[in-house]
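Visitor: Pick one part of this model and walk me through it up close, please. I'd like to see how its surroundings are put together.

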Amino acid sequence: MESIGPAGLQPGERVLGCPQEGLPLPSDRSELVQECLQQFKVTRTQLQQIQASLLDSMEQALKGQASPASTVRMLPTYVGSTPHGTEQGNFLVLELGATGASLRVLWVTLTGIKGHRVEPRSQEFVIPEEVVLGTGQQLFDFAACCLSEFLDAHPVENQGLQLGFSFSFPCHQTGLDRSTLISWTKGFRCSGVEGQDVVQLLRDAIQRQGAYSIDVVAVVNDTVGTMMGCEPGTGPCEIGLIVDTGTNACYMEEARHVAALDEDRGRTCVSIEWGSFDNDRVLGPVMTTFDHALDQESLNPGAQRFEKMIGGLYLGELVRLVLAHLARRGILFGGCTSPALLSQGSIRLEYVAMMESPSTGAAHVHTILQDLGLSLEASDAELVQRVCAVVCTRAAQLCAAALAAVLTRLQHSREQQTLQVAVATGGQVFERHPRFHSVLQETVMLLVPECDVSFIPSVDGGGRGVAMVTAVAARLAAHRRLLEETLAPFQLNTKQLEAVQVQMREAMAKGLRGETSSLRMLPTYVRATPDGSERGDFLALDLGGTNFRVLLVRLTEGGVQIINQVYSIPECVAQGSGQQLFDHIVDCIVDFQQRQGLSGQSLPLGFTFSFPCKQVGLDQGILLSWTKGFNASDCEGHDVVHLLREAIKRRQAVELNVVAIVNDTVGTMMSCGYEDPRCEMGLIVGTGTNACYMEELQNVVDVAGESGQMCINMEWGAFGDDGSLGMLSTCFDTSVDQASINPGKQRFEKMISGMYLGEIVRHILLHLTSVGVLFRGQQTQCLQTRDIFKTKFLSEIESDSLALRQVRTILEDLGLPLTSDDALMVLEVCQAVSRRAAQLCGAGVAAVVEKIRENRGLEELTVSVGVDGTLYKLHPHFSSLVTATVQELAPRCKVIFLQSEDGSGKGAALVTAVACRLAQKTRV
Ligand code: 0WK
Ligand code: BGC
Ligand code: BGC
């Protein structure tokens, strides 16, 4: 708004705008006055219609149903709670746009002690018009200048200056410190800002200014600052209401009702932006010709029409337009106007407030209007005051109708018939206008009598509230920094993954050469993948994964039929004596045979034994060491096929012909190889992890022969047991390893497989709780409990279909008291841990397929990998991350991952079938 009063006119100096012919008769005069002022009368019904329509618009927008009817914006502010009163610290606050063309800088100290207030230091700066209408850079540079000027004038001892930015315009917020300006209002029109992140613009300006390093940690709407600034003890204010140059309100909505947010618990503050409320059906009848004229001459015609009937920037203008109209109609000022009266913005809000004051108003009318070059007739002052009164009364009533809509919304969202709520109010119209507040209160009581509303005037225009939000944002930002520091070691870059690939290749080569290596590279005596001619019935055992299974595998012309039974291996058996374990296995076999009517039949049996075994033949495997929580005694160093046969012997009357022992990786490769002959690698990512592949026999020192291939069980779970993974290992990995029954062993497995990922996450959560980042620093018994955070939780928590709310359910079922921020951070911890696991697994696969490609001296290699394991199969992103890592590290290999459907039991049967076929051939 241009500055007021025509230049050069001395008070009382008359101008030539007077009518030549007769003024209206007194009788016509009052009619004309009535007709004019009547336009500003708003009936109760009209107010109720506005209330209902605004409520409807709010609820539509909350549901994210953008429709012409939903003209209010309902913008999430990322403020999730009203102040606890425990916020503390010193904060810079920059207020821009609340009070028209000025900005304010404050230094606010929060003591964190309820009711203990330190008076903030503040300084106001008028923004030059050319800046208000200039470029965005000009505006933000101006703001940065004011900040330095303030800090020069008010030296503060703080090193890390943290700033809260109160930006009073409609913005899409995507976080407490990320906010994009939707559109300017209230006479601002800086170019290059709409659609931009105003926090970044301010940060850039502060950087350009370079005088102080100031960290902008939060941006809030002025209504939010006002709500958050309301003194605790008066009961938290849950509505913030501003009527200053512009008008708007915010309130605490149930988070589950805000479609834009993925939340189902707690409350969140929503900035309504009711200034843009517009609905011809209900606003049309209350808009006067003066409102339309004002809108047409405004910087944003057609926009903010509701605001233009309430906001302080417009009230003076409405009064001016009415006075000019009445003057032209000869009703006021003897029918004379003046350039000042005809100049937009010449009557400011404070003039209206002064002229309307019951005590001194009349005198002010004379002073102010004479300053505008008008001479008043006797009755003019009283009529001018009436004009001010009707304009402001309507503004207060319309504001009340809007507030009543918010109160009704609160009743709806809290399913309450009655409501007791405190409204924090702020803005010049409240502070200056004698009657605005009382008319507002009366009208609210008229429209929503069932609501008990208390109005709490904000003491410092919301500066404290902004500091409160900044304190919360600073705490969250500090938490985020701690979270990122904690998770940084889990973010592996290509260079690190290439190093793992190279180290694995070196360890493979050493292992194949029979040299000391963390990779045992165990020959499996499986020399060929199935050729499809295998036939017959076979028994198979599958031990070492989540479940122990006994299977009957029937290989026929028509394909493979499998009947299997899952049995459990109690921990006391897995960690008991070897005899107990193998007797338990034979019990299960006998139970299976009885169920399948196979008792007394001695079918060839293939034994998938998923532990590191040094095989000296297809049916001889010396257990090198237990893994995955197994620890049965008197097994390590023994031939497990012998142990099984002993157990069969102990159980008289059972005939079983154990033909082959295979590792689950081999079984998986064979099982998938039966469908796809290109399958030359087996990969397990389940309880444990491992891989096997078809190696050229000439490269396998331990096995005689220069031609042909043999499947090598890499036992890659032990990769890095020589410390070669030390550079990637974190303190959390060390904690998990130390707590395991085989510390120092299976280090690669302990970074990748299902038995350990949950534990790594739990240790990270414990750490983040101990540094106060999670669960408000409260260590809970359950989080101290080993294995309570199952790896399957990672798969559930990371599933895209699961909203944060479900993440919370999983964690609350664990008895963890969490906030929505906690849920998000737990999700990020899970993502970091599983991502690293998948990348490391991918680096391993890349090492193997590159080995196969080089073995064959091929430029390009196409190879299939048979995969099994709960983690690989159930985790929503694991497999795609493995594939992506392999593509990046082994670009010359086209790798097809085949998820094994029937597990490795079928593979064991196939190995057995091949062995029987070969044995048959040698016998004939
Ligand atoms: C299913 C296979 C079995 C293997 C298991 C690994 O049939 O041989 O050990 O997958 O996955 P886990 O059950 O450990 O998740
Ligand atoms: C803006 C709001 C602000 C209100 C009060 C309106 O013009 O759009 O964001 O809260 O003025 O300052
Ligand atoms: C074992 C391997 C097995 C893998 C997957 C590891 O702990 O050492 O033999 O293949 O788990 O089950």
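Guide: Some bookkeeping: Ala, Val, Leu, Ile, Met, Phe, Trp, Tyr, Cys and Pro count as nonpolar, Asp, Glu, Lys and Arg as charged, and the rest, Gly included, as polar. On that basis, the shell around ligand 2 has 3 nonpolar, 8 polar and 4 charged residues. The model is predicted, so local features need pLDDT of at least 70 and side-chain atom pairs 80 or more, while totals for chains, interfaces and linings use all residues. Residues are numbered from 1 along each chain as written, chains are lettered from A and ligands numbered from 1 in written order, and side-chain values use heavy atoms, without hydrogens or water.

That shell has 15 residues (a heavy atom within 4 Å), with T185, N221, D222, E273 and E307 the closest. As for polar contacts (N or O pairs within 3.5 Å), the D222 side chain puts an N or O atom 2.5 Å from a ligand 2 oxygen. Backbone polar atoms join in from F169 at 3.3 Å and S168 at 3.5 Å. The protein covers 100% of the 310 Å² accessible area that ligand 2 has on its own (Shrake-Rupley, 1.4 Å probe).

Helix 6 (222-228) and strand 10 (247-254) each give the shell at least two residues; these are DSSP runs, at least four residues for helices (H or I) and two for strands (E), numbered from the N terminus. Strand 10 also sits in an open, mixed sheet of 6 strands, ordered 1-11-10-9-12-13, where pairing takes at least two DSSP bridges. Strand 9 (237-243) runs antiparallel to strand 10, with 5 bridges, and L241 has A249 as its bridge partner.

Terms used. A polar contact is a pair of N or O atoms within 3.5 Å; within protein, one must be able to donate a hydrogen and the other to accept it, and residues adjacent in sequence count only if both atoms are side-chain atoms.
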